[in-house]
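Here are a few exercises to work through with the model open beside you. Try each task before reading its solution.

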Amino acid sequence: MKKTTEELLLLLKNTSNINTYLQQQKDSIHTLELPEALEQLLTEKSISKGDCIRRSGLDRTYCYQIFSGVKRPSRDKLLALCFAMSLTADEAQVLLKQTGYVMLYAKNERDSVILFSLYHKLTLTATNELLFDIGLPPIE
């Protein structure tokens, strides 16, 4: 049975052997590989790769390399894919966290605008326009 983060932290704090801990908790500890996570989301959202790529505004070849695991995108490129898949803010945060990226942080001005856009279901284009209007770099 998978443990919560809090349960894992308590166990980790009280362990004397990291190897034993890692072996015993292997079902609860994992980083989801990005291609696998993206495929799951495409299936859940009933979006084809082609539609996702078109909506992202990213280079087609580069996107296919991301989906196959050949390339690891920047956080911004992953966020562009989040918008392309119409992820909620919570879904985008989970994807970022599961795949080893820094989650969006509400105390960061740019991240706040991006979170706002996800909460309000804005498109990537509308989000970039909002970022531009505020004087912040777009998602590229």
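**Before you start**

Leu22 has a relative accessible area of 41%, so Leu22 is partly exposed (buried means under 20%, exposed over 50%, partly exposed in between, with a 1.4 Å probe and protein chains only). This is a predicted model, in which local features need pLDDT of at least 70 and side-chain atom pairs count only at pLDDT 80 or more, while totals for chains, interfaces and linings use all residues. Residues are numbered from 1 along each chain as its sequence is written, and side-chain values use heavy atoms, with hydrogens and water left out.

**Exercise 1. Find the nonpolar surface patch that includes Leu22.**

Step 1: Place Leu22 in helix α2 (helices are DSSP runs of H or I, at least four residues, numbered from the N terminus).

Step 2: Add Leu9, Leu12, Ile18 and Ile29, which together with Leu22 make a patch of about 410 Å². The elements giving two or more residues to this patch are α1 (5-14) and α2 (18-24). Patch residues have over 30% relative accessible area and no salt bridge, and nonpolar side chains (Val, Leu, Ile, Met, Phe, Trp, Tyr) are joined within 5 Å. Areas come from the Shrake-Rupley method with a 1.4 Å probe.

**Exercise 2. Describe how helices α7 and α8 cross.**

Step 1: Take α7 (residues 89-98) and α8 (residues 109-119): their axes come within 8 Å and cross at roughly 130 degrees. The axes are lines fitted to C-alpha atoms over the stretch in contact, and angles run from 0 to 180 degrees between N-to-C directions.

Step 2: Classify the pair: α7 and α8 are therefore oblique to each other (under 35 degrees is roughly parallel, over 145 roughly antiparallel, 65 to 115 roughly perpendicular, the rest oblique).

Step 3: List the contact (heavy atoms within 4.5 Å): Ala89, Ala92 and Gln93 of α7 meet Leu115, Leu118 and Tyr119 of α8.

**Exercise 3. Which helices do the salt bridges Lys49 to Glu39 and Arg75 to Asp111 join?**

Step 1: Count the salt bridges (a side-chain nitrogen of Lys or Arg within 4 Å of a carboxyl oxygen of Asp or Glu); the total is 5.

Step 2: In the Lys49 and Glu39 pair, the closest N and O atoms are 2.8 Å apart. Lys49 lies in α4 (residues 49-56) and Glu39 in α3 (residues 34-45), so this pair ties together parts 10 residues apart in sequence.

Step 3: Arg75 and Asp111 meet at 3.0 Å, N to O. Arg75 is in α6 (residues 75-84) and Asp111 in α8, so parts 36 residues apart in sequence are tied together. Asp111 counts as buried at 6% relative accessibility.

Conventions: Patches are made of residues with over 30% relative accessible area and no salt bridge: like charges are joined within 9 Å, nonpolar side chains (Val, Leu, Ile, Met, Phe, Trp, Tyr) within 5 Å.
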